[in-house]
Amino acid sequence: VFGSLYLLSPSARAAVNSWVRTTFGSYIQYYSDDTTPPELEYDYFLPEEIDGYFLNFEKTVGSQFFSIYTNSQGQMLSFNYVRGSDNTSMFLMDIENHNYHSGAVGPYNADIYISDHTDHASIIVWHDPEDNVLFCISAFATKDELLAFAEKMEKTEKIPN
């Protein structure tokens, strides 16, 4: 799971108002050039226990947040998000054997990548345009399970450092 997702910062681009999805061989890049900060920033999280998964690790680095959960079978679930700020991107790696589906998380469109192989995680990606935040959950799960995980995400006002 962890190896299939990397958050990186590419070179500067011109400003646009949404996240853009591009494909390069076996990986997909989501990026935003909109660097306009929202009026109020929020923190986002999944519950510490979610459908048999328990929180093991979480980390915030700049505009990026990631957390790792595990279940009793040793499977991992990762929850990640990145705020649209200077030159941020999210990369999905090695998804050429995934089937693409569209869906919705609340009012937001979602891209869902379901793995054909039991040793590769499936992924859901969605965007909140008001807060300019891109979210991603990666887990050994079905499309419906990924959507259910995403619907459990909570939002709280960001506490200043």
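This is a short walk through the fold of one protein, from its sheet to its cores.

Keep in mind that the model is predicted. The protein has one helix and 14 strands. It has 161 residues, and 43% of them are buried. Take the contacts between residues at least 6 apart in sequence: 54% of those join residues at least 24 apart. About 8400 Å² is exposed, with 51% of that supplied by carbon and sulfur atoms.

Now the sheet. Eight strands form an open sheet, and the pairing is antiparallel. Read across, the order is β5-β6-β7-β8-β13-β12-β11-β10. The edges are β5, residues 49-50, and β10, residues 98-105; each pairs on one side only.

Look at one pair in there. β11 covers residues 108-115 and β12 covers 122-128; four bridges link them, antiparallel. Y113 sits opposite I123 of β12.

Where does the helix go? Helix α1, residues 143-151, packs on the sheet. It touches β5, β6, β8, β10, β11, β12 and β13. Its direction makes about 40° with that of β10.

On to the interior. The largest nonpolar core has 25 residues. Which of them have the most contacts inside it? F79, I124, W126, I137, L146 and F149. Two or more residues come from each of β7, β8, β11, β12, β13 and α1.

Pick out I137. Beyond its neighbours within four places in sequence, its contacts include L46, L77, F79, I124 and W126. L146, F149 and A150 are also among them.

Another core lies apart from that one. It has twelve residues, including I28, Y30, Y113 and V125. So Y113, the residue opposite I123, belongs to this second core.

Technical notes:
Residues numbered from 1 in each chain as written. Predicted model: local features only at pLDDT ≥ 70, side-chain atom pairs only at ≥ 80, totals over all residues. Heavy atoms only, no water. Buried < 20%, exposed > 50% of the residue type's maximum accessible area, 1.4 Å probe, protein only. Contact = heavy atoms within 4.5 Å. Areas by Shrake-Rupley, 256 points an atom, 1.4 Å probe, with all protein chains shown as cover. Pairing = 2+ DSSP bridges. Axes fitted to C-alpha atoms, helices over the stretch in contact; angles between N-to-C directions. Core = buried A, V, L, I, M, F, W, Y, C linked by side-chain atoms within 4.5 Å.
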